[in-house]
Amino acid sequence: MRILVIEDDINLNRQLADALKEAGYVVDVAFDGEEGHFLGDTEPYDAIILDIGLPEMDGITVLEKWRASGKGTPVLMLTARDRWSDKVAGIDAGADDYVAKPFHVEEILARIRALIRRAAGHSSSEITCGPVRVDTKSSKATVNGKPLKLTSHEYRLLAYLMHHKGEVVSRTELVEHMYDQDFDRDSNTIEVFVGRLRKKMGVDLIETVRGLGYRMQAPTNAN
Ligand code: CA
């Protein structure tokens, strides 16, 4: 899962990015509205944290532009004060949620988890597919109740496939959601990670759809 943080306060931006990375997300950052708007427009994010007061272009304008061009990425707005007018403006512009500063980073993490799973159509923080279960709150996975030891890349891959279970996900899409913009991307590595994941899970739930990508699906007689 890949998140964009747009916040001009350097310390706050770093604090958010660090907490998100710690929680297993891939994070890109922007420090003004123009850069943020450009990234959100051109890169596929699973959620965006958008400050309302930004240099170059304010957060409301950034969001309005995305929504006007049909971008539906979940957006969590940060409002500088607990001002009702900021919240109303943010929600009217198409924000999915907001948090007023100052905030606890844990609250941001919880709201981001909720936004991502709602966008993927899941109502609980635990997603299951046959014997496999992913707890997006603790970033842990189990197979038949037994914990899976996964690297951060393997977890990201599994979490993405689980959020989109039943759908065919292309390698390009996986690469885009597993690495930040500076990473030297190579979609062949995805095949390697899928191989490792299959081996560790010991159950074959990740189907290769020739020429298209992968699909995570429970056996038809289960789940
Ligand atoms: Ca600001």
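## Strand 4 and its neighbours

In which sense do strand 4 and strand 5 pair, and over how many bridges? In this predicted model, strand 4 and strand 5 (residues 97-100) pair in the parallel sense, and four bridges hold the pairing. One place to look is L78, which stands opposite V99 in strand 5.

Turn now to strand 3 (residues 47-51): this strand runs parallel to strand 4 and is joined to it by four bridges. Here L78 appears again, as the bridge partner of D51. Follow the chain and you will find that strand 3, helix 3 (residues 59-68) and strand 4 form a β-α-β unit of the right-handed kind.

How many residues of strand 4 are buried? Five of the five residues in strand 4 (residues 75-79) are, so the strand counts as mostly covered. The cover extends to both faces: V75, M77 and T79 are buried on one side, and L76 and L78 are buried on the other.

## The calcium site

Which protein residues serve as donors of the calcium ion? They are D8 and D51, each through OD, and G53 through O, at 2.1 to 2.3 Å from the ion. Along the chain, these donors follow the spacing D-x42-D-x1-G.

Is D51 buried or exposed? D51 counts as buried because its relative accessibility is 2%, and the cut-off for buried is under 20%. G53 has a relative accessible area of 42%, which means that this donor is partly exposed. D51 is worth a second look, since this calcium donor is also the residue of strand 3 whose bridge partner in strand 4 is L78.

## F31 and its contacts

F31 sits in the loop that links strand 2 (26-30) with helix 2 (33-42). Its relative accessibility is 35%, so F31 counts as partly exposed.

What does F31 touch, leaving aside residues up to four places away in sequence? The contacts are E7, D8, I10, N13 and P55. One of these, D8, is also a donor of the calcium ion. As for P55, 24 residues separate it from F31 in sequence, while the C-alpha to C-alpha separation in space is 8.1 Å.

## Two hairpins in a row

Strand 6 (residues 126-129) and strand 7 (residues 132-135) run antiparallel and are joined by four bridges. C129 has V132 as its bridge partner in strand 7. Two residues lie between the strands of this hairpin, and G130 takes a positive phi near 55° there.

Strand 7 is also joined to strand 8 (residues 140-143) by four bridges, and these two strands run antiparallel. In this pairing, R133 has T142 as its bridge partner in strand 8. The hairpin of strand 7 and strand 8 has four residues between the strands, with S139 taking a positive phi near 55°.

## A three-stranded sheet with a helix on it

Further along, three strands make an open sheet in the order 10-12-11, with antiparallel pairing. Strand 10 (168-169) and strand 11 (206-209) are the edge strands, each pairing on one side only. Strand 10 and strand 12 (residues 213-216) are joined by two bridges and run antiparallel, with R215 in strand 12 as the bridge partner of V168.

Which helix packs on this sheet? Helix 6 (residues 152-163) does, touching strand 10, strand 11 and strand 12. The direction of helix 6 makes about 70° with that of strand 12.

Terms used. Residues numbered from 1 in each chain as written. Predicted model: local features only at pLDDT ≥ 70, side-chain atom pairs only at ≥ 80, totals over all residues. Heavy atoms only, no water. Buried < 20%, exposed > 50% of the residue type's maximum accessible area, 1.4 Å probe, protein only. Contact = heavy atoms within 4.5 Å. Pairing = 2+ DSSP bridges. Donors = N, O, S within 2.8 Å, 3.2 Å for Na, K, Ca; no water. Right-handed = clockwise from strand over helix to strand, strands pointing away. Axes fitted to C-alpha atoms, helices over the stretch in contact; angles between N-to-C directions.
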